[in-house]
Amino acid sequence: MSEATLTAQPSGGSPKVSSISEAVIRIAGNSQDGIQAIGGFLARLAGRSEQEVMTHMTIPATISGGPSIFQVRIGSGEVLSSGDEADVLLAFYQHSYEGHINSLKKGGIVLYDSDHVQPNADWTKEYHHVGVPISGLTVEAIGGTAKDKGKNIYTLGLVAKMFDLNVPKLEKLIGERFTGKDPSILNNALAAFHAGYSHSLGNVIETFKFVESQKKTGHQVVMNGNEAMGYGLIAAGVRFGAGYPITPWSDIMELLRRELPKYGGSFIQCEDEIASISMAIGAGYGGRVAVTGSSGPGISLKTEALGWAIMAEIPLVVVDIQRGGPSTGMPTNVEQSDLNIACFGGHGDSPRVVIAPANVEDCFYMAIEAVNIARKYSVPVIIISDQAIATRIEAFEEPNLEKVCQDISPDLSPVADHKPYDLSAADGVTRHVAPGTRIMSGKYPIATGLEHDELGHPTGSPKLHMQMTAKRRKKLQTLASTLPTPKIYGPSEGNVLLVGWGSTEGPIKEAVDRARAAGESVSSIHIKHINPLPNGLDNIFAGFNHVLVVEMNDEGLYGYGQLGGLLRARFGDPKIRGINKTDGMTFKVKEIVEKARANVATGLRKL
Amino acid sequence: MSSTISDIPARGGNILATPALDTERKGLTKKEIAADHPTWCPGCGDFSVLALYFKLIEKRKLWHEKITTVAGIGCSSRFPYFVQAHGAHYIHGRALPFASGISLSRPDLHLFVFGGDGDAFSIGGNHFNHTARKNIKMTYVVMDNWVYGLTKKQTSPTSPLGFKSKTDITGALDQPVNPMKQAISAGATFVARTTHTNPNHVLQMMEAAMDHDGFSFIECLSECVEFYEGAFDSSNPRKGGVFNTVPADHDVTDELAAYKLAGEPFPGSFGIFYKTNRPTKNANEQKIISAAREKVKDLKDWQILQKNFDRLK
């Protein structure tokens, strides 16, 4: 963090204003307190102020209630992760206070609801304590019936004061949020906000002002990963989907159910996971790439049908929002343990494409990429995201939608002849021709899961099985040759190369920055195309003594983790090793730095 | 072309173009419709169903490209390979949701699903119920032979009690599924029963099913000469049985009367047991689409998305 980072100094005089470049605010309460709403407002405000923002939240797996946190990091410079330590902790309850004080950096500010929290005398020496009777003052501001409601907005007012946030912009955001509802709700919200904003924090605390953002790259949009994925699929031209509710995938299906009809499409809630992938494949066979998705156990259930789409060469997009597994596992925690099932799940030799977005912006663009790969190569594409990207809010440069949105309506004009599994295609790539297309030769194709000849009729010929197996493999090798080699973050030669995929990109880059600042020779790459892998990784690995694959999954029986195992199989290079963890939480920067150091130390002995 | 199918409006923005039909085209001949020679055993009841499907295509002047034949896994599910038209041979038990994906995104196609009793009532039982209750437009013909034939004589969900198979050597123990009751109680809007030994009746039922706007289900008894010979003799006048059609005074819209018919002891009645008009899933979705499109009718797709993005700033 830069020298202008927030620091609180006890001061006896009048409140002073310090310039800061970034701040990490952790809001801790119960899930029904609307703390996500405070975080959401802050994130959206940052987006509108062309600041960088990243959030992180945890939710209990219970239906209603239970402790929950929302962490938001706002910066005028680049924000890579939601931050290891908070500058400010907002604590609504005793359990929030006691459970999260450790996440606050020493000397940080804890702003607590003095109606519910009894400060600990020892901690008051280490952290700056500001008690406000939030619950009572909220009731005072908006009336007695709103006992618990509105205190989140009151708190937003306190934060706005503390960070000298742009009040008109926040009022506008509050107005947008409560638009269309009973006007008294909006009035109450604004009353709570202003009461919080005008509450005197006294002279015990300084206030802060963000330095103006250096970013001048036009407008930003602010959303979470699941929203970005849903909108990306729409931009890609997807007009049909089917799914079954499961956390954390459900948000995408709800979004598509709501939005697709505007575009003439629909999203169907099915009786189960198998029906949903089958319906999506049926629609894909019908001529237009369709989407299904799931999390955890739902992905396991879909694998047989996925194998059919691979065999029959039908375009399909499957979204996997990973959560802790196996079985029901940890539904609301993050894990990257589905890489193996995504790449290899199912019986038989069944090559498919797996791509992994690294941030919210990627969710949007890689949804489009997935659709285009599926269409071009007539193959299922799995987008492997995770609970952390799904729920975190980021700001990114607004896409040029006029340019990005595409029409993928099927072309049903007659063709002279068509072989869906034409073996003369040198690169193995053939195109799906949808029903409704007149084939002038009078020979019509069958899409099938049986091994088949070029028209899709069943065969037991060993030669055809070999040729068709090779065809399904070859087309992905063709795809591999078109994929971009990942860019190296840091110098292209050095001691340690950190390799990541998915939601860990930010903490890994920050770990590189931190290690390099400490004089260590560390670089990183982030792999977004998992299966097939892009060409050229071996050249990158050649520049380093250690290749450490950072993943949120178990090291496995042989000690390499899931991507690590894949890279070992691909390159057979003993310097590839893993940094793995399975605590259900995102990587902290210091965890990566420390584990990398430890790994290199033991690794050197082994070498 | 049946008016019920051609009248369904094409979805806005979903299908590029429905190729203009060449009105001069003659109906297809059997030779043009037949593809691979069926792999079924000589004497199999499925031959009759295939022949009558060809006849339906000829009679109703359906074109190759407008027919989509879908099946799951089983002897009868080999069906699509024998038809010279677009078709798909999907996985075991899941033909209905696959076909639903086609039906809901391609209202311009005639969609027929063929399968057996294992596909429909065992591995795919749940899909049968849900496709019926959703009333997704398609015709589903189950060739019921009361036995697993492709895997060589194991008990099927419709095997009668006491039927001796390789998996029930002392006779089937589990109460068999009654396909007609199942279909009626699941909410199918067209439920009919026929048998392969009465070709005219099979064709009649197929035509009526095709013209029904909704999920139309036909149970067609289809004898497995290899593993359950003589199973349906008592329904075949040529074998000394009786072929009773549904009584003339039967009200096909009366669900309870239909359920009673379905409860008759074998051979029971043949014909349309139940038929009702309930909005299809296709129509209900179209309604949601029309209402949503009305609000954005002057906008291009990217402009609709832009409106969302403007709210996310």
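Helices, with a minimum of four residues, and strands, with a minimum of two, are DSSP runs numbered from the N terminus. The exercises below use that numbering on a predicted model.

**Exercise 1.** Determine which residues of helix α4 of chain A are buried, what covers them, and what phi A:Gly143 takes just after the helix.

*Solution.* Begin with the cut-off: a residue is buried if 20 or more other C-beta atoms lie within 10 Å of its own. In helix α4 (residues 134-142) of chain A, this applies to A:Ile134, A:Leu137, A:Thr138, A:Val139, A:Ala141 and A:Ile142. Next, look for what lies over these buried residues: the cover includes strands β6 (104-113) and β7 (128-132) together with helices α5 (151-162) and α7 (183-198), which belong to chain A. Finally, move just past the end of α4(A), where A:Gly143 has a positive phi of about 105°.

**Exercise 2.** Describe the overall build of chain A, and decide how its radius of gyration stands to the globule rule.

*Solution.* Start with the inventory, which gives 20 helices and 22 strands for chain A. The radius of gyration is 26 Å, close to the 25 Å that the globule rule gives for 607 residues, so chain A is as compact as a globular protein of that length. Along the principal axes, the C-alpha trace of chain A spans about 90 × 65 × 45 Å. Burial can then be added, since 54% of the 607 residues of chain A count as buried. Lastly, among the contacts in chain A with a separation of 6 or more, 73% join residues 24 or more positions apart.

**Exercise 3.** Work out how domain 2 of chain A meets domain 3 of chain A, and which helix gives the most to the domain 2 side.

*Solution.* First fix the bounds: chain A is divided into domain 1 (17-216), domain 2 (222-404), domain 3 (412-482) and domain 4 (494-606). The C-alpha centres of domains 2 and 3 of chain A lie 25 Å apart, and 17 residues of domain 2 are in contact with 17 residues of domain 3. On the domain 2 side, α11 (297-312) and α13 (360-377) of chain A each supply at least two residues, and α11(A) gives the most, with four residues. By character, that side divides into twelve nonpolar, three polar and two charged residues.

**Exercise 4.** Establish how many residues of chain A and chain B are in contact, and which strands of the two chains pair.

*Solution.* Count the contacts: 63 residues of chain A touch 55 residues of chain B. On the chain A side, the largest share, nine residues, comes from helix α10 (residues 273-285), and the residues of this side divide into 34 nonpolar, 17 polar and twelve charged. Then turn to the strands, where β17 (residues 446-448) of chain A and β2 (residues 86-89) of chain B pair in the parallel sense over three bridges; A:Ile446, for instance, has B:Gly87 as its bridge partner in β2(B).

**Exercise 5.** Place β17(A) in the sheet of nine strands, and explain why helix α4 of chain B is largely enclosed.

*Solution.* Read the order of this open sheet, which has mixed pairing: β17(A)-β2(B)-β1(B)-β3(B)-β4(B)-β8(B)-β7(B)-β10(B)-β9(B). Strand β17 of chain A and strand β9 (244-245) of chain B stand at the edges, each with a single partner strand, so one side of each is left without a neighbour in the sheet. Helix α4(B) packs on the sheet, touching β1 (67-71), β2, β3 (110-116) and β4 (138-144) of chain B, and the direction of α4(B) makes about 180° with that of β3(B). Since eleven of the eleven residues of α4 (residues 95-105) of chain B are buried, this helix is largely enclosed by the rest of the structure.

How values were computed: Residues numbered from 1 in each chain as written. Chains lettered and ligands numbered in written order. Predicted model: local features only at pLDDT ≥ 70, side-chain atom pairs only at ≥ 80, totals over all residues. Contact = placed C-beta atoms within 7 Å. Nonpolar A, V, L, I, M, F, W, Y, C, P; charged D, E, K, R; others polar. Pairing = 2+ DSSP bridges. Rg over C-alpha atoms; globule rule 2.2 N^0.38 Å. Buried ≥ 20, exposed ≤ 12 C-beta atoms within 10 Å, placed from the backbone. Domains from an automatic or database assignment. Axes fitted to C-alpha atoms, helices over the stretch in contact; angles between N-to-C directions.
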